[in-house]
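Biologist: Could you take me on a close look at the place where the two chains meet? I am new to this, so please go step by step.

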Protein chains: 2
Amino acid sequence: MAPQKNEKNQLFLGLFIHSIKLGELQYLHDTAVCVDKSGKIVAVEQLFDQKKAEETLYPKLGWKTEDVDVTIAEDGQFFFPGFIDTHIHAPQYPNSGIFGKSTLLDWLNAYTFPMEASLSSLPKARRVYTRCIQRTLSHGTTTAAYYATIHVPSTNLLADLCLSLGQRAFVGRVCMDNLGPDYYLDESASHSLVATRATINHIRSIDASFDLISPILTPRFAPACSVEAMTQLGALHQETNLPIQTHISENVDELKLVKDMFPDSKNYTDVYDRFGLLGKRTILAHAIHLSEEEADLVAQRGSKVSHCPCSNSSLTSGVARVRWLLDKGVGVGLGTDVSGGYSPSILDAARQAALVSNHLAMPPRAGDKRPDAERLPEDDRGRVRLSVEEVLHLATRGGAEVVGLGEKIGGFEVGKEWDVQLIGLGFVPDEDDSTEVKQIEDTGNVDIFGWERWEERIAKWVFNGDDRNVKKVWVRGRLVHERR
Amino acid sequence: MAPQKNEKNQLFLGLFIHSIKLGELQYLHDTAVCVDKSGKIVAVEQLFDQKKAEETLYPKLGWKTEDVDVTIAEDGQFFFPGFIDTHIHAPQYPNSGIFGKSTLLDWLNAYTFPMEASLSSLPKARRVYTRCIQRTLSHGTTTAAYYATIHVPSTNLLADLCLSLGQRAFVGRVCMDNLGPDYYLDESASHSLVATRATINHIRSIDASFDLISPILTPRFAPACSVEAMTQLGALHQETNLPIQTHISENVDELKLVKDMFPDSKNYTDVYDRFGLLGKRTILAHAIHLSEEEADLVAQRGSKVSHCPCSNSSLTSGVARVRWLLDKGVGVGLGTDVSGGYSPSILDAARQAALVSNHLAMPPRAGDKRPDAERLPEDDRGRVRLSVEEVLHLATRGGAEVVGLGEKIGGFEVGKEWDVQLIGLGFVPDEDDSTEVKQIEDTGNVDIFGWERWEERIAKWVFNGDDRNVKKVWVRGRLVHERR
């Protein structure tokens with residue numbers, strides 16, 4: 001069950017849009033992109049059509065016309081890099097939208113641990129994971145960094161399903177030998193490690209080079225891991241150089257807990273650092289309440305941040321200061337954090353990232369008695385806002401860096417792999433005099449009237465788009481989702 | 001072209017869910033609701049089926065079986081009161097999602113005034129308004145309080161289209177004889193009034209008793225209206241008792257403008273009050289930065305507030321303190337504020353209302369040096385959060401009160417009119433072993449696994465629902481939207 005190779009070479013034609021740097025989208029009109037059977041981009045040529053590609057590119061590539069599948073972005077459609085979800089809990093997917101008025105710590109006990117524990121059942125895990133993968137693919141997520149549960153068999157099943165359904169994934173068996181409820185807890189630190197190794201071995205058996213599926217070390221978060229477990233996970237990282245994912249500084253009560261549990265550490269970030277868990281391949285989810293000193297340490301170690309605005313607003317955790325992190329040189333991507341976040345869509349995460357950045361920029365509320373000196377200066381208020389172009393960068397190229405695949409995915413360059421979505425927006429007919437009860441053609445909520453510039457269409461897509469606009473999705477050149 | 005009467009009586013069967021008071025949804029299982037040809041609810045009976053209705057209700061109502069259309073909410077479906085959008089600018093609909101990094105005043109000049117001005121063209125107005133009405137109906141909006149433009153013919157067309165497409169509406173010709181650009185401004189205060197009367201007369205000619213379509217006095221906002229215009233609008237309200245809609249206290253730069261322009265007024269609220277524009281039938285949009293004194297005055301006058309969270313986050317305006325307003329006894333409903341808000345969906349507004357209330361409850365940010373005494377106490381922080389049940393109340397019964405139709409719509413009681421949506425959620429099949437590229441059945445993003453309680457299904461709907469879940473929509477008993 002190794003990753004599939006594609007049967008044919010592929011030619012993609014039309015409009016390609018991608019982020020070339022933070023805040024700048026590039027629009028490649030009338031462009032041809034060639035993708036070989038291994039799923040790699042081997043040519044990108046502007047002002048090309050099919051005939052020109054056949055005449056000039058195929059000979060260079062040694063391709064024969066009959067050995068090439070052609071996909072054309074129709075008028076109003078465009079190719080866009082697949083989204084990268086840098087933080088998602090697959091077993092929590094059935095709880096999407098169910099969180100009541102909880103905040104992190106009571107939410108874990110009321111909703112999350114019971115659901116995760118129940119995924120010891122393989123049939124249930126199969127049903128939940130299959131739907132979670134299908135759903136995220138349908139929203140254009142070509143890569144996901146998944147937390148599974150503490151159970152080895154169902155974690156391995158998640159890896160199997162990602163491979164067979166074709167989603168690029170990091171799959172982490174969750175390590176937690178502390179603080180969890182009796183019914184959902186690793187027996188010991190050494191058990192945590194044995195189980196982690198079992199999943200690593202399983203993934204190696206289905207995808208030897210981790211081309212599509214990679215294991216990822218997953219200490220749930222500092223309060224859920226004993227000193228022994230963290231020490232051993234640090235050693236395992238040292239041994240394998242596998243990536244690491246965990247949570248940091250999400251909730252103020254969590255901060256107190258960490259302070260009490262690790263009195264010798266300078267701060268939350270230092271806890272991970274002490275155990276060798278803060279490295280270039282570490283994905284830190286949330287990072288809301290970091291101090292200057294902590295953020296500097298994160299930057300220095302080259303660790304990355306998964307920004308999860310939907311979750312942070314839902315659980316009343318706070319607002320991560322993304323501009324501040326970016327200014328320090330910290331790599332930032334977006335995470336849905338299902339089901340702290342209710343939405344499986346990274347487009348939704350991008351939208352929320354823009355909105356919560358505006359919340360950081362809002363003027364003081366009536367009754368705010370702080371002296372001016374303690375408020376964000378007016379000039380800076382505008383700067384903390386994230387633009388449409390910036391959140392799309394975080395959703396693609398930013399996310400690729402966070403998961404350590406910056407060289408492999410996130411844009412349309414020769415040598416990158418074809419992890420791409422074909423996006424189509426709805427067009428409003430010119431005349432519509434009908435007064436009858438009628439069905440709006442189901443192309444989603446992005447209404448294009450025809451006069452909009454492409455920059456405006458992209459803004460409309462970011463704010464009103466949904467999975468209906470995602471017509472096709474490929475990972476490594478393989479078509480993994482199709483609509484209609 | 002008076003409002004249509006329905007050809008048949010109607011029986012609705014199944015699960016009905018509505019808000020009976022702030023924070024409490026009632027679930028009426030196995031219920032029968034009878035609606036007569038005028039669109040009024042004439043019977044609501046629990047634990048009823050079709051046979052029992054035919055045997056015991058029809059005779060009482062003088063109905064014959066062949067004269068009754070029957071609609072059954074299938075398993076997993078339910079009837080819910082139609083949504084009420086208490087603040088929407090129909091002519092801005094094509095700009096949904098297009099606002100860049102603007103805030104209120106530059107947004108008006110860059111995006112809004114040019115678009116509104118262009119709707120002097122009747123063909124363009126027809127295209128834009130038709131789509132706006134269809135779109136909002138498809139999201140379950142059965143009543144909308146519309147701002148049109150300064151143009152009488154296209155404002156009248158909006159009223160015609162609402163009537164023919166069957167959406168209950170308040171239609172306001174926008175009064176603005178001040179501050180607007182040369183190309184988009186009433187010539188004078190008296191012209192403002194003549195034009196306003198022209199639209200009132202037109203609406204009277206198509207719907208004499210304002211049963212479905214009502215005019216609404218619409219001074220854009222204080223800075224856009226001269227003292228003369230506001231004085232005359234106050235007199236017109238006195239004369240006609242027509243409802244009023246305007247904006248208040250949305251943006252801090254707007255506050256400064258009002259202070260400069262109306263130096264004699266104590267505050268923004270007092271400006272409207274002085275001109276007799278602050279009454280029981282006044283809908284005030286935004287109300288973000290009101291002082292205690294202003295909110296008390298709003299409460300005292302019985303004016304209502306349209307809370308527009310999506311717009312307020314998009315334009316970085318701030319967060320309205322809904323709990324604080326409700327505590328003062330101010331009636332609050334929800335508005336999309338298209339296109340300050342990007343979404344035409346009141347379900348989306350409900351979701352955002354919950355999220356932004358969480359933002360009010362968030363702990364202070366790192367670096368916040370305020371003494372504890374100036375922060376919202378921890379106990380109050382939880383209380384300002386709005387629950388799923390509360391935001392659904394604002395979306396229906398709360399909105400009905402805001403637009404002055406509390407007696408007519410918003411719930412399932414005998415005597416109310418049948419403004420209702422039929423909601424259906426998606427069901428995840430038990431077994432899904434397919435590894436093929438496949439189409440997720442297009443029932444939207446609400447995935448029901450089967451074990452969820454109804455309260456949890458409603459939460460899932462609020463957070464992941466969209467127009468795909470709105471199967472049918474009726475206004476006054478008339479089917480005005482249907483999906484599939």
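Modeller: Happily; here is a walk along the interface, followed by a few residues elsewhere. Keep in mind that this is a predicted model.

Let's begin with how the two chains are arranged. Chain B can be laid on chain A by a turn of 180° and a shift of 0.0 Å along the axis, with an RMSD of 0.0 Å. That is the relation of a two-fold axis. The copies meet through the same surface, because 100% of the interface residues of chain B are also interface residues in chain A.

Now for the extent of that surface. The size of an interface is often given as the accessible area lost when the parts come together. Here chain B and chain A bury about 8100 Å² between them, and 51% of it is on carbon and sulfur atoms. In terms of residues, 94 from chain B are in contact with 96 from chain A.

What holds our attention next is the pairing across the interface. The rule finds 42 residue pairs in polar contact between chain B and chain A, both residues being at pLDDT 80 or more. On the side of chain B that touches chain A, the elements giving two or more residues include α3 (122-138), α12 (346-361), α15 (454-464) and β20 (478-482) of chain B. The one that gives the most is α3(B), with nine residues. Sorted by class, this side of chain B has 31 nonpolar, 30 polar and 33 charged residues.

With charged residues in the picture, we can turn to salt bridges. Side chains of opposite charge can pair when their charged atoms come close. The rule finds 10 salt bridges across the interface of chain B and chain A, while the count over all chains comes to 58. One of those between the chains links A:R127 with B:D430, at 3.5 Å from N to O.

Another one deserves a slower look: the side chains of A:D467 and B:R468 meet in a salt bridge at 2.8 Å, N to O. A:D467 lies in the loop between α15 (454-464) and β19 (470-475) of chain A, and B:R468 in the loop between α15 and β19 (470-475) of chain B, so the pair joins two chains. A:D467 counts as buried, at 0% relative accessibility, and B:R468 is also buried, at 0%. Salt bridges that share partners join these two into one network with A:D466, A:R468, A:R483, B:D466, B:D467 and B:R483.

A salt bridge can also sit within one chain. A:E452 pairs with A:K460, their closest N and O atoms being 2.9 Å apart. A:E452 is buried, at 5% relative accessibility, and A:K460 is buried too, at 3%. In helix α12 (residues 346-361) of chain A, A:R351 and A:D348 are three residues apart, about one turn of the helix. Their closest N and O atoms are 3.6 Å apart in a salt bridge, and both residues are buried.

Finally, let's visit B:R323, in helix α11 (residues 322-327) of chain B. B:R323 is buried, with a relative accessible area of 10%. Its side chain reaches the backbone oxygen of B:R385 at 2.8 Å. Leaving aside neighbours within four places in sequence, the contacts of B:R323 include A:K101 from chain A, as well as B:L22 and B:E390 from chain B.

Conventions. Residues numbered from 1 in each chain as written. Chains lettered and ligands numbered in written order. Predicted model: local features only at pLDDT ≥ 70, side-chain atom pairs only at ≥ 80, totals over all residues. Heavy atoms only, no water. Contact = heavy atoms within 4.5 Å. Buried area = accessible area lost by both parts, 1.4 Å probe. Salt bridge = Lys/Arg side-chain N within 4 Å of Asp/Glu carboxyl O. Polar contact = N/O pair within 3.5 Å; in protein donor to acceptor, adjacent residues only side chain to side chain. Helix = DSSP H or I, 4+ residues; strand = E, 2+ residues; numbered from the N terminus. Nonpolar A, V, L, I, M, F, W, Y, C, P; charged D, E, K, R; others polar. Least-squares fit on C-alpha atoms with pLDDT ≥ 70 in both. Buried < 20%, exposed > 50% of the residue type's maximum accessible area, 1.4 Å probe, protein only.
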